[in-house]
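Please find below my notes on the model, set out as numbered points for discussion. They are meant to be read beside the sequence and the coordinates.

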Amino acid sequence: MHSVVISGTGLYQPPHVITNAELVQAFNRYVDLQNAEHAPAIAAGTREPLVHSSVEFIEKASGIKQRYVIEKDGVLDPTRMYPRFEERPDDQLSLMAEIAVDASRKALAAANKKPEDVDAVFCSAANMQRAYPAMAVEIQQALGAGGYGFDMNVACSSATFALEQAFNAVRSGASRCVLIVNPEITSAHLEWKDRDCHFIFGDVCTAIVVERAETATADEQWEILGTKLATQFSNHIRNNFGFMNKAEDSDPDARDKTFRQEGRKVFKEVVPIAAAHIEQHLATLHIQPGDVGRYWLHQANLGMNQLVIKKLVGGEAGAEIAPLILDTYANTASAGSIIAFHEHRANLKAGDLGVICSFGAGYSVGSVIVKKR
């Protein structure tokens, strides 16, 4: 078995920012338009009026202050309320592949690797732009990488689940160098018209290079000590959009065809699952939670992360223990814990331990224990 390291990460950051104030202004205008249009039904008591959102409500509920998006005009148009992307011809690089290539090149540069050094590409994200051909194969071709590629989806845990597949492939000798990409165009599957979730998501793409320790030449390397994955079925986070919708003669604009969740139930159920998962994983390597220098957690909700850390090490989740990127990027699905790892690891020293952990729909939870070399 080969020793395995993470030797580089890369981040694509979209060009546009939507602040909470901008989002609230557009949402409240949408609410006013809808309430005016349905005023007779509201007056008759057959329809409930929509309720305004507020900056205070968003920040108290989530800790989010802004989000990056690939396109903002469509999202902030109260008569539209979703991004406006141009359809691309089949002979042009797709949008998801485009942002993945950007993040991948940055990760490869950090790892001192060339595309031809890569012999596997895993595209892992909460949603894929199309069914086939696989996004990973398009990304592989655009980069000039070798080997093979495939897509995988475990919602917000897609990145950590891909890390285990990459770890096992490299450790066993089946692959020498694996590139993981997490292109999350979450703005396209968020219901921007729903007050309970209109503020949650942001767009981004992360990339990770995983390779044999013996071939790594990067200035910074993180040895993967172990991975642990678990799933438990739940309907509390769901999106019913898919290829069978047309055959079912269902409404493509129905509420269930975009992201929806029962937030309070998710919070109550996922926190203990995630905390116990991490603690049990650490125990298999005889590591105490307090011996971990940094926890790079999934970035969905500030209160959720604080409670997970409190269960593990006690006290509040300070930035030194569990860095937060949620306030700037919002929830970026599978990419959140990887952004935290990408941006908040420079001050750790050789021998320090860290945990990359994600949790989300499924339910799914994945953890990766690493040590700085």
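1. Cys197 is buried, with a relative accessible area of 3%, in what is a predicted model. The structure holds zero disulfides; for Cys197 the nearest cysteine sulfur belongs to Cys156 and is 13 Å away, and because a disulfide requires two cysteine sulfur atoms within 2.5 Å, Cys197 is in no disulfide. Cys357 is likewise in no disulfide, the nearest cysteine sulfur, again that of Cys156, being 12 Å away, and Cys357 is buried with a relative accessible area of 0%.

2. The sheet deserves a careful look, and one may ask in what order its strands stand. It is an open sheet of nine strands with mixed pairing, and the order reads E5-E4-E6-E7-E1-E8-E13-E12-E11. Strand E5 (148-152) and strand E11 (294-297) stand at the edges, and each has a single partner strand, so one side of each is left without a neighbour in the sheet. On average, with direction ignored, neighbouring strands of this sheet are turned by 25 degrees against each other.

3. Within that sheet, strand E1 (residues 4-12) pairs with strand E7 (residues 204-212) in the antiparallel sense, over eight bridges. Gly8 has Val209 as its bridge partner in E7. Helix H4 (residues 95-110) lies across E1, E7 and strand E6 (177-184), and runs at about 130 degrees to E1.

4. Helix H6 (residues 158-172) also packs on the sheet, where it touches E1, strand E4 (120-124), E5, E6, E7, strand E8 (222-231), strand E12 (353-360) and strand E13 (364-372). The direction of H6 makes about 125 degrees with that of E8.

5. Helix H5 (residues 135-143) has a set of buried residues, namely Met135, Ala136, Glu138, Ile139, Gln140 and Leu143. In an α-helix there are 3.6 residues a turn, so residues three or four places apart point the same way. What covers the buried residues of H5 includes H4, E4, E5 and E6. After H5 comes Gly144, whose phi is positive, near 85 degrees.

6. Where is the cis peptide bond that involves Pro133 placed? Pro133 sits in the loop between E4 and H5, and the cis bond joins Tyr132 to Pro133, with omega about 0 degrees. A cis peptide bond also joins Gly362 and Tyr363, with an omega of about -10 degrees, and the place of Tyr363 is the loop between E12 and E13.

7. Tyr363 reappears in the lining of the largest cavity, together with Val270, Ile273, Phe359, Gly360, Ser364 and Val365. A search of the whole structure finds one cavity of 30 Å³ or more, and about 30 Å³ of space lies in the largest cavity. The elements that give two or more residues to its lining are helix H7 (263-284), E12 and E13.

8. Two backbone angles should be checked by eye. Most residues other than glycine have a negative phi, and most peptide bonds are trans. Asn112, in the loop between H4 and E4, has a positive phi of about 60 degrees although it is not a glycine, and at 45% relative accessibility Asn112 counts as partly exposed. Ala330, in the loop between helix H9 (326-329) and helix H10 (336-343), has a positive phi of about 65 degrees, although it is not a glycine either. Is Ala330 buried or exposed? Ala330 is buried, with a relative accessible area of 0%.

Conventions:
Residues are numbered from 1 along each chain as its sequence is written. This is a predicted model: local features need pLDDT of at least 70, side-chain atom pairs count only at pLDDT 80 or more; totals for chains, interfaces and linings use all residues. Side-chain values use heavy atoms; hydrogens and water are left out. Buried means under 20% relative accessible area, exposed over 50%, partly exposed in between (1.4 Å probe, protein chains only). Two strands pair if DSSP finds at least two bridges between them. Helices (H or I, at least four residues) and strands (E, at least two) are DSSP runs, numbered from the N terminus. Axes are lines fitted to C-alpha atoms, for helices over the stretch in contact, and angles run from 0 to 180 degrees between N-to-C directions. Contact means heavy atoms within 4.5 Å. On a 1 Å grid over the protein atoms alone, a cavity is a set of points where a 1.4 Å probe fits but cannot get out, and a pocket is an open set with protein on both sides within 12 Å along at least five of seven lines; lining residues have an atom within 4 Å of a point. Grid points are joined across faces, edges and corners, and a volume is the space filled by probe spheres set on the points.
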